[in-house]
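Me: I should like to learn how to read a protein structure, one feature at a time. May we begin with the one shown here?

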Amino acid sequence: MLQSVVVGAGQAGLSAAHHLLRLGLRPWTDVVVLDANPAPGGAWQHRWDTLTMADVHGVAALPDDAPPPTSRERANAVVPAVFGDYERRQGLPVVRPVRVDRVEDDGAGLLRVTGSGRTWTTRTLVNATGTWERPFVPAVPGAGTFAGRQLHTRDYRGPDELAGLHVVVVGGGLSAVQLLAELSEVASTTWVTRREPVWRTTPFTPDEGRAAVALVEERVRQGLPPQSVVSVTGLMLRAQERAAAARGVYADRRPMISSIEPDGVVWPDGSRQRADAILWATGFRPDVGHLAPLRLRAAAGGIRLDGTTAVRDPRVQLVGYGPSASTIGANRAGRVAARAVLDRLGAVAA
């Protein structure tokens with residue numbers, strides 16, 4: 001029997017594992033980290049090749065480590081190398097590949113974790129599975145009739161695969177803005193968002209950042225599905241996207257489409273746009289289906305948290321969820337979750 005199982009070896013999972021060991025739990029004997037990927041790097045190893053370290057919105061340093069270098073090297077190579085080196089130097093007990101299918105109560109007060117044909121029993125669990133495995137694509141009438149290519153951000157490998165095409169990019173977040181910039185150099189584009197984009201022209205102050213995170217935290221406390229931080233902070237063009245803005249790439253933003261036809265998309269007013277491809281930059285949902293047997297969800301649809309602790313089952317911590325979905329937030333949540341695990345183990349022992 002283990003004291004804690006960490007599910008996921010991305011930023012949040014590695015942070016939590018580091019702090020659990022730092023607080024005195026023993027690797028392999030007390031703690032294991034189960035990771036679905038065949039190699040270190042979390043979701044970063046699956047990002048598109050044209051995403052460089054200069055393009056990403058900052059990757060925070062892992063606890064007691066230096067931040068990854070900012071360069072023109074591929075993020076899907078640099079970050080996995082950093083994570084892998086960190087796992088080795090810290091002696092983190094990572095087992096891979098293990099895709100966790102189910103977490104349930106074993107009937108004796110412990111948690112049974114099942115995945116890839118194996119089972120672990122543990123007193124506590126830190127869930128750090130992120131969102132990468134749950135891409136979200138809205139249901140649009142006629143989507144199945146489209147004769148061109150449809151892909152999600154998760155499937156995108158670079159602009160060359162869409163060169164010379166007309167691409168409808170759907171989504172109002174940071175990924176959509178970035179992908180429009182690079183696609184517009186080799187293809188024609190139409191930008192579609194559900195809401196009018198809110199642009200910022202000044203950097204965030206620390207107070208504004210804390211206020212934005214607080215809004216997301218409040219939703220989680222209420223048991224509502226988490227929203228991204230950018231949904232309350234707005235969008236800011238970086239240097240690599242200003243050239244696209246100057247070309248007018250973001251100027252002709254269209255509202256959400258009402259239907260899809262074999263050769264394009266249709267808006268509520270009946271206007272149409274021919275399209276060769278539709279790129280759904282519509283985000284992700286938390287990958288928490290394996291926790292369903294524990295019935296953690298509130299009536300409002302989200303998992304209600306007190307800090308990182310699941311209110312409906314205090315044996316479970318969630319990191320990289322809601323307000324801790326950023327790399328900085330994931331680091332902090334890992335520390336908070338580890339302390340909550342030790343508090344829980346101490347309370348049980350008492």
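Me: How much surface does the chain expose, and what share of it do carbon and sulfur atoms supply?
Reply: Please bear in mind that this is a predicted model. The chain exposes about 15900 Å², and 51% of that area is supplied by carbon and sulfur atoms.

Me: How many of the residues count as buried?
Reply: A residue is called buried when its relative accessible area is under 20%. By that criterion, 49% of the 350 residues of the chain are buried.

Me: What helices and strands does the chain have, and how compact is it?
Reply: The chain has 7 helices and 19 strands. Its radius of gyration is 21 Å, close to the 20 Å that the globule rule gives for 350 residues, so the chain is as compact as a globular protein of that length. Along its principal axes, the C-alpha trace spans about 65 × 40 × 40 Å.

Me: What do contacts say about residues that lie apart in the sequence?
Reply: One takes the contacts with a separation of 6 or more and asks what share joins residues 24 or more positions apart. In this chain that share is 66%.

Me: In what order do the strands of the open sheet stand?
Reply: To read a sheet, one follows it from strand to strand. Here 5 strands, paired in parallel, stand in the order β7-β16-β8-β9-β12. The edges are β7 (149-152) and β12 (253-254); each has a single partner strand, so one side of each is left without a neighbour in the sheet.

Me: How many bridges join β9 to β12?
Reply: Strand β9 (residues 188-192) is joined to β12 by 2 bridges, and the two run parallel. Within this pairing, V192 has R254 of β12 as its bridge partner.

Me: Is helix α3 largely enclosed or largely open?
Reply: One counts its buried residues. In α3 (residues 174-183), 8 of the 10 residues are buried, so the helix is largely enclosed by the rest of the structure. Among them are A176, V177 and L183. The buried residues of α3 pack against several elements, including β8 (166-170), β9 and α6 (239-246).

Me: Which way do the residues of strand β2 point?
Reply: In a strand one asks to which side each residue points. In β2 (residues 31-34), V31 and V33 point one way and V32 and L34 the other way; all are buried. Strand β2 also pairs with β1 (residues 2-7) in the parallel sense over 4 bridges, and V5 stands opposite V32.

How values were computed:
Residues are numbered from 1 along each chain as its sequence is written. This is a predicted model: local features need pLDDT of at least 70, side-chain atom pairs count only at pLDDT 80 or more; totals for chains, interfaces and linings use all residues. Side-chain values use heavy atoms; hydrogens and water are left out. The radius of gyration is taken over C-alpha atoms; the globule rule is 2.2 Å times the number of residues to the power 0.38. Buried means under 20% relative accessible area, exposed over 50%, partly exposed in between (1.4 Å probe, protein chains only). Contact means heavy atoms within 4.5 Å. Accessible areas come from the Shrake-Rupley method with a 1.4 Å probe; for residues, only the protein chains shown count as cover. Two strands pair if DSSP finds at least two bridges between them.
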